Amino acid sequence: MFLVGLTGGIASGKSTVVALLQDLGCAVIDADVIARQVVQPYFQAYRRIVHSFGPEILLESGEINREALGNIIFSQPEKRQLLNSITHPEIQKEMLKEILKYFVLGYRYVILDIPLLFESKMLTRFMKHTVVVYCDPQIQLSRLMHRNGLTQTEAEARIFAQMPLAQKVKLANHVIDNSGDAEATKKQVLKLHTELENSLEYLMVRLLAVGKELEVSSFLFLIPFSSFPSPPLFSIILIFLCISVFYILIN
């Protein structure tokens, strides 16, 4: 299995492309969805955020007031760095769980929907392929104004706050031009899916993973039952297996 990074810009049509890929049966992991999940009360990140930013950021329901927290980190860069240091490890952990799940299920590739794929820089090295959803700047502006009810000045401010789509196009391996009609976009998505699905890049990962599994299985087979690893040691072996698989996936 290999990883495919998908990104775009505001109102470029990335959500439309994701929906088309899911209709084709593709595995998609949405970084934004996971980012919202890890700040829910039952996650460790939630407790650390409340401890670091105080109970005043909470709603009456006990959930984090995203607007209040956003106002804090927007005006205080050091607070934004603190929040990132709390949430990013948890986001990566949950993404890894999802990747391993799809690996076990036998998917040939997994799409990681990451809005700041190129801005973060460190994430691109994990991707075998990168895809950007592009659209003409004037169409992007018009769509954003219509969708969000913004003035031209407001829409331009939001677009200019992001890395230009033209720059992302230069960094990507694949480009889906969403400037045209829905059918044109669908054809491009189908062509991309076919290319990725027919790629043999997943095969080497499978073979290496099986090799790792056989190595550990052979090791366990040689251990007498009476001296079989204790639960903690067995857990360490399983963790080693998971880490080995993940290392294979990103190299």
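Helices (H or I, at least four residues) and strands (E, at least two) are DSSP runs, numbered from the N terminus. The model on screen is predicted, so local features need pLDDT of at least 70 and side-chain atom pairs count only at pLDDT 80 or more, while totals for chains, interfaces and linings use all residues. Residues are numbered from 1 along each chain as its sequence is written, and side-chain values use heavy atoms, with hydrogens and water left out.

**Stop 1: helix α5**

Select residues 77-104, which make up helix α5. Its 28 residues should span 40 Å at 1.5 Å a residue, and the end C-alpha atoms are indeed 40 Å apart; the expected span is 1.5 Å times one less than the number of residues.

Now centre on T87, where α5 has a kink of about 30°, shortly before the proline P89. The bend at a residue is the angle between axes fitted to the seven residues ending there and the seven starting there.

Next, colour the helix by accessibility. Buried means under 20% relative accessible area, exposed over 50%, and partly exposed in between (1.4 Å probe, protein chains only). The buried residues of α5 include L83, I86, T87, E90, I91, M95, I99 and F103. After the helix comes G106, with a positive phi near 95°.

**Stop 2: salt bridges**

How many salt bridges does a search of the whole structure find? There are five, a salt bridge being a side-chain nitrogen of Lys or Arg within 4 Å of a carboxyl oxygen of Asp or Glu.

Stay on α5 and show the side chains of K97 and E94, which form a salt bridge with an N to O distance of 3.2 Å. These two residues are three apart in the helix, so about one helical turn separates them. K97 is partly exposed at 48% relative accessibility, whereas E94 is buried at 13%.

Then select E98 and K101, another salt-bridged pair, with the closest N and O atoms 3.3 Å apart. Here too the partners sit three residues apart in α5, about one helical turn. An α-helix has 3.6 residues a turn, so residues three or four places apart point the same way. E98, at 27% relative accessibility, is partly exposed, and K101, at 38%, is partly exposed as well.

Leave α5 for E119 and K168, whose salt bridge has its closest N and O atoms 3.4 Å apart. This pair links distant parts of the chain: E119 is in helix α6 (residues 117-120) and K168 in helix α9 (residues 165-171), 49 residues apart. Is K168 buried or exposed? K168 is buried, with a relative accessible area of 1%, while E119 is partly exposed at 28%.

**Stop 3: the second largest pocket**

Select P137, Q140, I159, F160 and L165, the residues nearest the centre of the second largest pocket, out of 15 that line it. On a 1 Å grid over the protein atoms alone, a pocket is an open set of points with protein on both sides within 12 Å along at least five of seven lines, and a cavity is a set where a 1.4 Å probe fits but cannot get out; lining residues have an atom within 4 Å of a point.

The volume of this pocket is about 260 Å³. Grid points are joined across faces, edges and corners, and a volume is the space filled by probe spheres set on the points.

Show α7 (137-148), α8 (152-160) and α9, each of which supplies at least two lining residues. The largest share, four residues, comes from α7. By type, the lining has ten nonpolar, four polar and one charged residue, where Ala, Val, Leu, Ile, Met, Phe, Trp, Tyr, Cys and Pro count as nonpolar, Asp, Glu, Lys and Arg as charged, and the others, Gly among them, as polar.

**Stop 4: the cavity**

A search of the whole structure finds one cavity of 30 Å³ or more. The largest cavity has a volume of about 40 Å³, and its lining is V4, L6, L21, Y109, I111, V131, L192, H193 and L196. Of the elements around the largest cavity, α10 (182-198), β1 (2-7) and β3 (109-113) each give at least two residues, with α10 giving the most, three. Eight of the lining residues are nonpolar, one is polar and none is charged.

**Stop 5: two loop residues**

Select V38, in the loop between α2 (31-37) and α3 (44-53). V38 is buried, at 0% relative accessibility. Add K93: the C-alpha atoms of V38 and K93 are 9.9 Å apart, with their places 55 residues apart in sequence.

Finish at A11, in the loop between β1 and α1 (14-23). A11 has a positive phi of about 65° although it is not a glycine. Most residues other than glycine have a negative phi. At 10% relative accessibility, A11 is buried.
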